[in-house]
Amino acid sequence: MGNILVRMVSGGGGAAAVGPELKESGATAEDWRNALSKVVQAVVVIRTTSCRAFDTESAGSSSATGFVVDKKRGIILTNRHVVTPGPVVAQAMFQNQEEIPVYPVYRDPVHDFGFFRYDPGLIQFLSYEEIPLAPEAACVGLEIRVVGNDSGEKVSILAGTLARLDRDAPYYKKDGYNDFNTFYIQAASGTKGGSSGSPVIDSQGRAVALNAGCNSNSSSAFFLPLERVVRALRFLQRGRDSCTDGWGAVHIPRGTLQVTLLHKGFDETRRLGLRIETEQIVRHASRLGETGMLVVDSAVPGGPAHNLLQPGDVLVRANGDVITHFLEMETLLDDSVDRKIELQIERGGSPFTVDLMVHDLHSITPDSFLEISGAVIHPLSHQQARNFCFHCGLVYVAEPGYLLGAKVPRHSIIKKFSGVEISRLEDLISVLSKLTRGARVPLDYISHKDRHRTKSVLITMDRHEWYGPPLVYTRDDSTGLWTGKLALPPESPLLSSSPISVEQGLENYRVPAGAGEASLIEHVCKKFNQVLTGGVTSTVSCFDCVAELRNSHDNSDVGAKKSQIEEDSSADSIVTSNWSVDEPREERLENLTSSQNAFSGNYLGSAAIPTNASVAEHVIEPTLVMVEAHVPPSCMLDGVLSEHFSKTGVIVYHSPDMGLVAVDKTTVVISASDVMLSFAAFPMEIPGEVVFLHPVHNYALVAYDPSALGVDGASAVHAAKLLPEPSLCRGDAVYLVGLNRSLQVTSRKSIVTNAHAAINIDPADVPRYRATNMEVIELDTDFGSTFSGVLSDEHGRVQAIWGSFSMQVKYGSNWENYHFAQGIPIHTVSHVLDKIISGANGPNLLINGVKRQMPLIRILEVELYPRLLSEARSFGLSNKWVQTLVKKDPIRRQVLRVKGSFAGSKAENVLEQDDMILAINKEPITCFADIEDACHRLDQCDENDGKLNMTIFRQGCEIELLVGTDVRDGNGTTRVINWCGCIIQDPHPAVRALGFLPVEGHGVYVARWCEGSPADRYDLFARRWIVEVNGKPTPDLDAFVDVTKEIQDGEFVRVKTVDLTGKPQVLTLKPDLHYWPTWEVRRNPDTAMWQHKTIEA
């Protein structure tokens, strides 16, 4: 066929050919009008939602066409790729706009046809007739009409003429559905997307073929012959008649040798070695005009024909009869399931006979799947086994989800898990039942793109309940649904929601005291094999562990344009501990000196630093950590733009009870993250937990358990000495120190060019955190936009975090995410750190089994930006104020102006855009730090109303105002609800920073939506508020839950939304609580765990 783009309609394909002599048609225009008037009423628009990725199909929603072939029993014919092999929810829309639910009753394992059923009694206002099937009427030259939903139109009628009846089945794609072992019919009819499943009718109103595909480069369309469709329909009709109380599961016998056959012309079979006497016999025994024979193209490994039939074998007879057509062969196979047939073959001119057992095609077509942490895994189907040349039934990854993430791509085959050979889905479930939360286990897989090499990765079982429990879904053709049940036994550790104790989780990971690097690696490998599998024996070799240890983070995206990691950025590290906590206990930390803030001791196996390295590099190296943050797709909150981030952090606190790492908020974006920490001074990776996200400044604090490092590890790392004062100034020399992708320390000496550069980042198209009201440090030279680390003086005292900032940059007409690095003064971190150490008066949070009070931050929720005093004078600012501000700050020479107030803040409707803030409590204000100091002084007053006495300049006048401040914690968003596939949360600060909230009680914010969900089907997309459901207000998450709990499955609801521009819209939506139940994930501060809970209707 050549390299021609072929697609189903939703796609199709073609190759030019000349068919037999055309036949004349005597149909008149009146004949066509009469036929079409009847046919159109029986053609329906089918709207499908594929709820899960399965086999050859992805999750999503689409529209196609179908037509009624049995009015009495309620049967609609369409394509297989419309019915889909997996879970699907569908509705059929008739021409009078009556919409009814339809349920899949059969999809052919090979050919592109399937059936939906419906209740005929639901059609109340339309008179229609079924369309009869007439496969025998198809002939070359026949005038036809294709009636369907072409290109999204409700009704489209396209004319054409059948040109060929023996076209090869179209080839759609190498890793998806393809029809085979059948002829297709070709015609010149330019069908497009949406016409899949359309009837191809003649002038008598009969369906002579089923529209399936088209050639996107021409006007050729490809139709499926109806002989096998008629057979399947008869089985369905008899099955329905045999059931008195509705539909039952109908078995339609389908046989297979797991062989792909092609029809080759006699010229080709001669070149393959077919003897002339055999050709004479075949021509004499075949129908008049026969032009070729069936030839073996491929045999699926492990199938009945494997190693018995080879490509190029020419089929002569089957059970003694000459067979040259697919239909004859398929009829024989379908009638011979679980019986042997005799094939007479010629291979290179040598005849031989082979007896083959006909297998049940349905037995190698998966009808169940495992769903765990967003991953969909099931036995490999015949379709994909044929595409990839693998055995049927192997464990196939239809969707990696969060469990496998970017480590294991879609279409992979799992070969080994936790050291256990995996050949069936039951083997995988058995291993999962023995694992604990947070366990890290090796997984071996192969890909069809690189089938000769096995790849190994480390998989981390969820520590938190990001998802519901693992379920096995099984298809039930009597209901048209897939029913789910728990995949694991109730006593399985993975089903336990309680965290594992520190002692239990870490006992087997202790590193012997005084061990050198060689013995350390040996110990790591032994424990990796014995413990991380959760009690299941692993066969990973010590050499593999050493290789992974030395190659850790080789693939991180340092040096790329963006900081987020699109693929697995590191070879998975070797050792970790189960992150867990003891029973909570109240404890207050003492303010420790630097000598008390670190363990004593020296780890002799730490990374070697070059002899010519600076003192700062030597001192800083034990404090650096590579921070990897993974965001589960179920909790893509606050506009987060990726699922995986990796940057350098610095240890700012390290004691026997707790360690704290500071890292920028471009890396640790939200608290709903799984964080792994890799230490530069000690070859180990342990989990961390996000404990503080600063509401303004670009940094987060991640806690870890020092005991997880063992005695040597805890002594090898220590906290950096922070130097918040004096502040850096222009011209100061600093050392930029960080980690490269191999966890090696890199440094250079630089000069501060600007110590007070104000950040000015415009809002992104999807509102997300952006640094505002901040001054950062700029250097003359650095290591590029993706490098991160710290700035220190020559003695290794940290003066700033060299962190990553995110923004959007417009290239032409497109917006792209861009990252750059700047210095964040360390005093912003030390201010909060002191509060944590000394004991704050904020909310409790469990950290390493100890309840600690976390600080609250008082802020002015107003976005500010400096204006030069020269400009301010032009706007009317008096000379007196200009001189006062210059005297206060002769370096900056600026005044702060208001860009906007956060919606819902106490400053809203008090400060206006372009107000200039001159003073607070009569003290001149020139920079962001002055605002923060004023807020801090409010907290120190025993009696305060939380308001600042401001002097502002507005439209030529000085005004005294009392402006309210807000108190925020460092928890970030701690609750998310998934309703109908929408990820819903309270409006986060980046949304409120736009200065608008709906007047209808603020509403709840749609952060994301899931493919294959009702939200996908009915266009309830992200970046909008839901303010009402069925006329009832939803001002917050609790109100939203109360309203939606009353809605039943399949009951249409009215949803009023408001987008970011303030435009209201009312949508109608039908919840699907079977595949998309309502659930929430919430952070429990008493257990430090994110917990998943299903919200019952």
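Which residues of the largest nonpolar core touch the most other members? In this predicted model, L77, F115 and L133 hold that position within a core of 54 residues. There is also a second, separate core, this one of 47 residues, and M658, A720, I837 and M854 are among its members.

On to the barrel. Six strands close up in the order β32-β33-β34-β37-β36-β35, with antiparallel pairing. Going from one strand to the next, the twist averages 40 degrees. Helix α15, covering residues 827–838, packs on this sheet and touches β33, β34 (659–663), β36 (685–693) and β37 (700–704). The direction of α15 makes about 60 degrees with that of β33.

Strand β32 is a handy place to look at the pairing in detail. Spanning residues 624–630, β32 runs antiparallel to β33 (residues 644–654), and seven bridges link the two. A further antiparallel pairing joins β32 to β35 (residues 674–679), this time over six bridges. V625 illustrates both pairings: its bridge partner in β33 is G649, while its bridge partner in β35 is F679. One position along, M626 stands opposite T648 in β33. As for exposure, β32 is mostly covered, with six of its seven residues buried.

A closer look at one phenylalanine comes next. F417 is found in strand β26, which spans residues 413–417. Is F417 buried or exposed? Its relative accessible area is just 2%, so F417 counts as buried, the cut-off for that label being under 20%. Leaving aside residues up to four places away in sequence, F417 touches I422, L428, V431, L432, L435, V441, P442, L443, I459 and M461. D427 sits ten residues from F417 along the chain, and the C-alpha atoms of the two are separated by 9.0 Å.

Then there are the charged pairs. The structure holds 51 salt bridges, and a few of them are worth walking through. R453 and D450 meet through their side chains, with an N to O distance of 2.8 Å. R453 has a relative accessibility of 56% and therefore counts as exposed, since that label applies over 50%.

The salt bridge between R858 and D939 has an N to O distance of 2.7 Å. R858 belongs to strand β46 (residues 857–859) and D939 to helix α18 (residues 928–940), so this pair ties together parts that are 81 residues apart in sequence. The two partners carry separate labels: R858 counts as buried because its relative accessibility is 16%, whereas D939, at 36%, counts as partly exposed.

R975 and D1038 form another salt bridge, and their closest N and O atoms are 2.8 Å apart. Here too a strand is linked to a helix: R975 lies in β54 (residues 975–979) and D1038 in α21 (residues 1037–1044), so the pair ties together parts that are 63 residues apart in sequence. R975 is at 14% relative accessibility and so counts as buried, while D1038 has a relative accessible area of 46% and is therefore partly exposed. Elsewhere, salt bridges that share partners join D108, R228, R231, R254, E330 and D334 into one network.

How values were computed: Residues numbered from 1 in each chain as written. Predicted model: local features only at pLDDT ≥ 70, side-chain atom pairs only at ≥ 80, totals over all residues. Heavy atoms only, no water. Pairing = 2+ DSSP bridges. Helix = DSSP H or I, 4+ residues; strand = E, 2+ residues; numbered from the N terminus. Axes fitted to C-alpha atoms, helices over the stretch in contact; angles between N-to-C directions. Contact = heavy atoms within 4.5 Å. Core = buried A, V, L, I, M, F, W, Y, C linked by side-chain atoms within 4.5 Å. Buried < 20%, exposed > 50% of the residue type's maximum accessible area, 1.4 Å probe, protein only. Salt bridge = Lys/Arg side-chain N within 4 Å of Asp/Glu carboxyl O.
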